[in-house]
Structure formats: structure tokens, C-alpha cells
Amino acid sequence: MRDAWDRFNWLWEILFAVAYLATTTLVLLDGADPVWTAVAAGALTALALSYLLWGRRLVRDDDSSIRQRWVFALLVLVLVGIAMWAEGTSGFILFMACPLLFSTLEFRPAAVLTTVAILLNPAAAVVNDGLTGPTLHIMLPMTAILVVFGVLCGKFIGHVIEESRGRADLIAKLEASQAEVARLSREAGTAAERERLAREIHDTLAQGFTSIVTLAQAIESELDTDPAAARRHAELAARTARENLTEARAMVAALAPADLAAGSLVDAVRRQADRLADETGVPVEFEVDGSLPALGTASEVVLLRGAQEALNNVRRHAAASAVSVRLSAVDGAVRLSVRDDGAGFDPDHATGFGLRGMRSRAEQVGGRLSVRSGPRGTELTLEVPA
């Protein structure tokens, strides 16, 4: 990225061009001696060509060597001195030379060379014309003013260059920081998406496969003793496999859960309760208290996945003899309650992804999860705002 000094350097080049053309014109018009006029014009032209062919690159290239810069600065000083020594009107070229010296060298050496260049004009006038009296009294104060003005202009030029490069460095650092923030955001988004997919797989496909394995084991034990039960369990396994396939397709297509796509939240939770009753033979009571307020898809997904996880835990761990599932509207929220009379567990020391994923889902939509468990059973309560 180019800094402000580089972008607006063309303004200085206009100044240099105007100073060269104006000074050369005055020299050609005012010169009394054709030889000295030619020397002055030649020195001025050499100065302009030196800048075009060499100086422009040095000024813009921060990596150029100090030696090259000093050689160029001394060349500028020599050519300015020749021009002013040959023709006093050439002093107007200082409007080009002084900024050029400050653009080439550091402030202190540039200030010294600028002062020398400005003093060359009155020195040449004294040597050539022998100025004394009132004229000299006027030139000396004017020279002092020009020295102070030149140094102050050089200070300003150096400040502009320094500020411009500092801003360019700051912009580069900000762009690097933005790139780093973007990279971290992508990584965070990737991690969040992985966690979301892990929850989706755990709450759908993994649970479905667990049911299929359980049913397959039941079929194996019933095949010879109870063919009717084995046939019923085989039908349940096939249905579960089809539902798993539907969930997988919906997940790949980034759609809502297949159960919600096929009906309402109440119907989807009721199907989960009926599936548990069919697979385990445990009576499952399903209740809906009144009409539920409308929920967004994200909140419905949280409640459905919560019901799936809770009922899967009952199936795998509770050894319950009765289960109740209830959906209700409470204080501007929709509450899911799953209660069983099984063995219970210690929620504070629960391992696995289920409860942790359920709590994370609830927090993402502003909801909350609570679990109470003891020897007489477990009650899971999940609330999401309506």
C-alpha cells in the first residue's frame, strides 16, 4: 500500500517543474553575459535532469543507501551553487532545491545543506557585485529569514513524511489484525459448526442406531421363542432405520429436523414418546397443557432434541416402569418436562455429550435446562422463550 507521501508526491514534482521553468526563464531574460547565462541555465537543467533520472527514485525508495543519498544531495548543492554563482537570479531555484534536500536526507544534515545553499546566493552577490551599504543591509536580513523559513519548511516536510509512513505502518498492522480476526472468526465458526453437527448426530443418528442395535438384540433372543414379538421388533427396527435415513438426508440438506418438517412440535414429541413405548413396552404418558405459543424453528429444534435425548437416556439407563412427557406454556416460555421413576443418577457427575449438548442448545436460544434426579427417579425440565 502506498502512503500519503507517495500518493501526493506529484504535487512536489509540480513545484519542482514550476520552479525550474520559472527560474530558467528569469535567468535567460535577465542574463547580461551570454556565457554566464548559459552556465546558469546549464546548471539548472542538469539539476532538473538529475532529479528526473536519479533523485525521484531516491526520494521514493526507503531502501536506498545513505551514501547514494549524500552523493545526490551534494550534487544538488554543487549545481545550485554553480547556477547562483553564474547568475544571481538563479536563487529562485531554492524553492526546488530546499524541499529536495529535506526529502533526500535526515533533518539535521538537510538543514545544514539548505542553510549553505541559501547563503551561497548573498555570498555570490558579494563576490560578483561587491555589494555594500544599504543593499547588503537588506540582503542579510532577507537571507536570515530565508534560512529560518527553509529550516521550518524542512521540519514540516519531515513531519509529513514521518506521519505518512507511520500511518502506512498502522494501516498495515490494522489489516494484519483484521486478517487475524477473520481467521479466528472462521476457526470459531468452524468449531461451533462442528459442535452443532456433533449434537445433531448424537441426538438423531446415534440414538437411532442405538435403538436399532437394541431391537436387533431383542429379535435375536425372540426369534425362536416368540416369532410375533421378533416380527414386531423387526418392523420397529426398519422404521427406525428409515427415520434415521430421513434425518441424515435432512442434515445433509441443512434442513430442519425431519420430524418437525413433517408436522408440529407436539406431533414430533408425541412420536418420540410413542417410539419409546413401542420399543420398551414401558407406558409413556404424553400431555400438552393448553395451546402452546408460536416458536421459532431454532427453539422447536431445541425442545425436540431435548425430548429425544431425555427419552433415550430413559431407554438406556433408567430401567423405569413409567414415564411422563409434558409440554406446557409457562410465563412466556415453553417448557418440556420428562419424568421417570427409574434408578436416577448424579447430574453433577454425568459423563458423555448428552446433557452438555442439551444445555448448550438451550443457552443458544436463551433457554435453560434443569435436572433433578434421585433414587425415586429423574425429572428433566427444559425451557425456551416464546
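In this predicted model, D340 sits across from T378 of strand β5. That pair belongs to a longer run: β3 (residues 333–340) and β5 (residues 377–385) line up antiparallel, with eight bridges between them. On to the next pair, β4 and β5 are also antiparallel, and here seven bridges do the joining. V371 is a handy place to look, as this residue faces L380 in β5. The link from β4 to β5 is a hairpin, made through two residues.

Zooming out, these strands are part of an open, five-stranded sheet with mixed pairing, and its order reads β1-β2-β3-β5-β4. At the edges are β1 (284–289) and β4 (368–374), each of which has a pairing partner on one side only. Going from one strand to the next, the twist comes to 10 degrees on average.

Two helices pack on this sheet. Helix α10 touches β1 and β2 (323–330), and its direction makes about 165 degrees with that of β1. Helix α12 touches β4 and β5 instead, with about 145 degrees between its direction and that of β4.

Both of these helices also have dealings with α11. Helix α10 (residues 265–280) packs against α11 at an angle of about 10 degrees, and the axes are 10 Å apart. With angles under 35 degrees counted as roughly parallel, α10 is therefore roughly parallel to α11. From the α10 side, the contact draws on L265, A268, V269, Q272, A273, R275, L276, E279 and T280, while α11 puts in E300, L303, L304, A307, Q308, L311, V314 and R315. Sorted by class, the contact of α10 with α11 comes out as ten nonpolar, three polar and four charged residues.

The other pairing runs the opposite way. The axes of α11 (residues 297–318) and α12 (residues 354–364) come within 10 Å and cross at roughly 165 degrees. Since angles over 145 degrees count as roughly antiparallel, α11 and α12 are roughly antiparallel to each other. The crossing of α11 past α12 is left-handed. On α11, the residues involved are V301, V302, R305, G306, E309 and A310, and they meet G354, L355, M358, R361 and A362 of α12. This contact of α11 with α12 breaks down into six nonpolar, two polar and three charged residues.

Earlier in the chain, another helix pair turns up. Helix α3 (residues 34–60) and helix α4 (residues 66–86) have axes that come within 8 Å and cross at roughly 160 degrees. So α3 is roughly antiparallel to α4. As for handedness, α3 passes α4 in a left-handed crossing. The make-up of the contact of α3 with α4 is 20 nonpolar residues, three polar and one charged.

This part of the chain also carries annotation. The unreviewed UniProt entry marks residues 12–29, 35–54, 74–102 and 138–157 as "transmembrane region". Two of these stretches can be set beside the model. Residues 35–54 are 100% helix and 0% strand, and the C-alpha atoms at the two ends of the span lie 28 Å apart. Residues 74–102 are 76% helix and 0% strand, with the end C-alpha atoms 12 Å apart.

Terms used:
Residues are numbered from 1 along each chain as its sequence is written. This is a predicted model: local features need pLDDT of at least 70, side-chain atom pairs count only at pLDDT 80 or more; totals for chains, interfaces and linings use all residues. Side-chain values use heavy atoms; hydrogens and water are left out. UniProt positions are given in the numbering used here, feature names are shortened, and annotations may be inferred rather than shown by experiment. Helices (H or I, at least four residues) and strands (E, at least two) are DSSP runs, numbered from the N terminus. Axes are lines fitted to C-alpha atoms, for helices over the stretch in contact, and angles run from 0 to 180 degrees between N-to-C directions. Angles under 35 degrees count as roughly parallel, over 145 as roughly antiparallel, 65 to 115 as roughly perpendicular and the rest as oblique. A crossing is left-handed if the near helix is turned anticlockwise from the far one by less than a right angle, and right-handed if clockwise. Contact means heavy atoms within 4.5 Å. Ala, Val, Leu, Ile, Met, Phe, Trp, Tyr, Cys and Pro count as nonpolar, Asp, Glu, Lys and Arg as charged, and the others, Gly among them, as polar. Two strands pair if DSSP finds at least two bridges between them.
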